Amino acid sequence: GGLSDVKLVFDGRLANAYMLYIDDNYIGQAYNYEHNMGSVSLSIPIKSISTGDHIVTIISSCLGIHNGIANQQPASAQDQKGLVGKVSIIDSNNNILIDLSGNTFKHYMGTTGEVLNVGSNGTNSVKWNQQTNLLQGLTWYRTSFTTPTSRELEKEH
């Protein structure tokens, strides 16, 4: 028994990407790249889920911060990120089969780079592990680039 051809529907913030795992198995992803303040309803298809207890993990990644708020304003005025409302599993007729909204979803800020002082010490101060399992659903990429000076930009125009 179980459910098939259902989807996870949730309220999240604009300019966020979300990856869904059920029992540590990658299911799918959804994203919105509109750089503005506000919420959006997103969905991720679930082919099937067996009857029983499951661990639902939703990883949220910020794709940008709305720049329309002055930095000197208090934190309460800053844009939220991640899940901000209902989380449900629905069928093809949009009937709510399981309401997960009352469950505990925790939001952890990604400040590891600040703690490791990567901005000052550079990426060589971080231990990078070689990927060993090519079937993992989550892949991190890193790159480096040189930002042009204002003079270099002026020369182009």
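Reader: Hi! Which pattern of helices and strands does the protein follow along the sequence?

Author: Hello! Read along the sequence, the pattern is β-β-β-β-β-β-β-α-α-α. That comes to 7 strands and 3 helices. Keep in mind that this is a predicted model.

Reader: Okay, so what is the mean pLDDT of the protein?

Author: The mean pLDDT is 77, and 61% of the residues reach 70 or more.

Reader: And which elements have the lowest and the highest mean pLDDT?

Author: Helix α1, residues 112-115, has the lowest mean at 63. Strand β4, residues 39-50, has the highest at 94.

Reader: Got it. How much of the protein is buried?

Author: The protein has 157 residues, and 22% of them count as buried. As for the outside, the protein exposes about 12,000 Å², with carbon and sulfur atoms supplying 49% of that area.

Reader: Which residues touch the most other members in the largest nonpolar core?

Author: That core has 15 residues, and the ones touching the most other members are L8, F10, L20, I46, I58, V87 and I89. The elements giving two or more residues to this core are β1 (2-13), β2 (16-22), β4 and β6 (83-90). Strand β4 gives the largest share, with 4 residues.

Reader: Let's pick one of those. What is I89 in contact with, leaving aside its neighbours in sequence?

Author: Once neighbours within four places are set aside, I89 is in contact with L3, V6, K7, L8, I46, N95, I96, L97, I98 and L100.

Reader: And S88, where is that, and is it buried or exposed?

Author: You'll find S88 in strand β6. S88 counts as buried because its relative accessibility is 6%, and the cut-off for buried is under 20%. Not counting residues up to four places away in sequence, S88 touches K7, L8, V9, I96, I98, D99 and L100.

Reader: How do the contacts split by distance along the chain, say for residues 24 or more positions apart?

Author: Take the contacts with a separation of 6 or more: residues 24 or more positions apart account for 68% of them.

Reader: Cool, can you show me an example? What separates S41 and F10?

Author: S41 and F10 are 31 residues apart along the chain, and their C-alpha atoms are separated by 5.6 Å. S41 sits in strand β4. Apart from residues up to four places away in sequence, S41 touches V9, F10 and D11.

Reader: Why does S41 count as partly exposed?

Author: S41 has a relative accessible area of 47%, so it is partly exposed. Being exposed would take over 50%.

Reader: Any other pair like that? How many residues apart are Y21 and I55?

Author: Y21 and I55 are 34 residues apart in sequence, and C-alpha to C-alpha they are 8.1 Å apart in space. Y21 is in strand β2, and Y21 is buried, with a relative accessible area of 10%.

Reader: New topic! Which residues form the nonpolar patch on the surface?

Author: Y31, Y33 and L63 form a nonpolar patch, and together they have about 370 Å² of accessible area. L63 lies in the loop between β5 (56-62) and β6. At 36% relative accessibility, L63 counts as partly exposed.

Reader: What does N32 touch, leaving aside its neighbours in sequence?

Author: Setting aside neighbours within four places, N32 is in contact with L14, A15, N16, V40 and L63. So that list includes L63, which is part of the patch with Y31 and Y33. N32 itself lies in strand β3, residues 25-32, and counts as buried at 13% relative accessibility.

Reader: One last thing, about backbone angles. What is phi of D23?

Author: Phi of D23 is near 55°, a positive value in a residue other than glycine. D23 lies in the loop between β2 and β3 and counts as partly exposed at 33% relative accessibility.

Reader: And what about phi of N94, and where is N94 found?

Author: Phi of N94 is near 65°, again a positive value in a residue other than glycine. N94 is found in the loop between β6 and β7 (96-99). With a relative accessible area of 54%, N94 is exposed.

Reader: Thanks, that helps!

Technical notes
Residues are numbered from 1 along each chain as its sequence is written. This is a predicted model: local features need pLDDT of at least 70, side-chain atom pairs count only at pLDDT 80 or more; totals for chains, interfaces and linings use all residues. Side-chain values use heavy atoms; hydrogens and water are left out. pLDDT is the predictor's confidence in each residue, from 0 to 100. Buried means under 20% relative accessible area, exposed over 50%, partly exposed in between (1.4 Å probe, protein chains only). Contact means heavy atoms within 4.5 Å. A nonpolar core is a set of buried Ala, Val, Leu, Ile, Met, Phe, Trp, Tyr and Cys residues joined through side-chain atoms within 4.5 Å. Accessible areas come from the Shrake-Rupley method with a 1.4 Å probe; for residues, only the protein chains shown count as cover. Patches are made of residues with over 30% relative accessible area and no salt bridge: like charges are joined within 9 Å, nonpolar side chains (Val, Leu, Ile, Met, Phe, Trp, Tyr) within 5 Å. A salt bridge is a side-chain nitrogen of Lys or Arg within 4 Å of a carboxyl oxygen of Asp or Glu.
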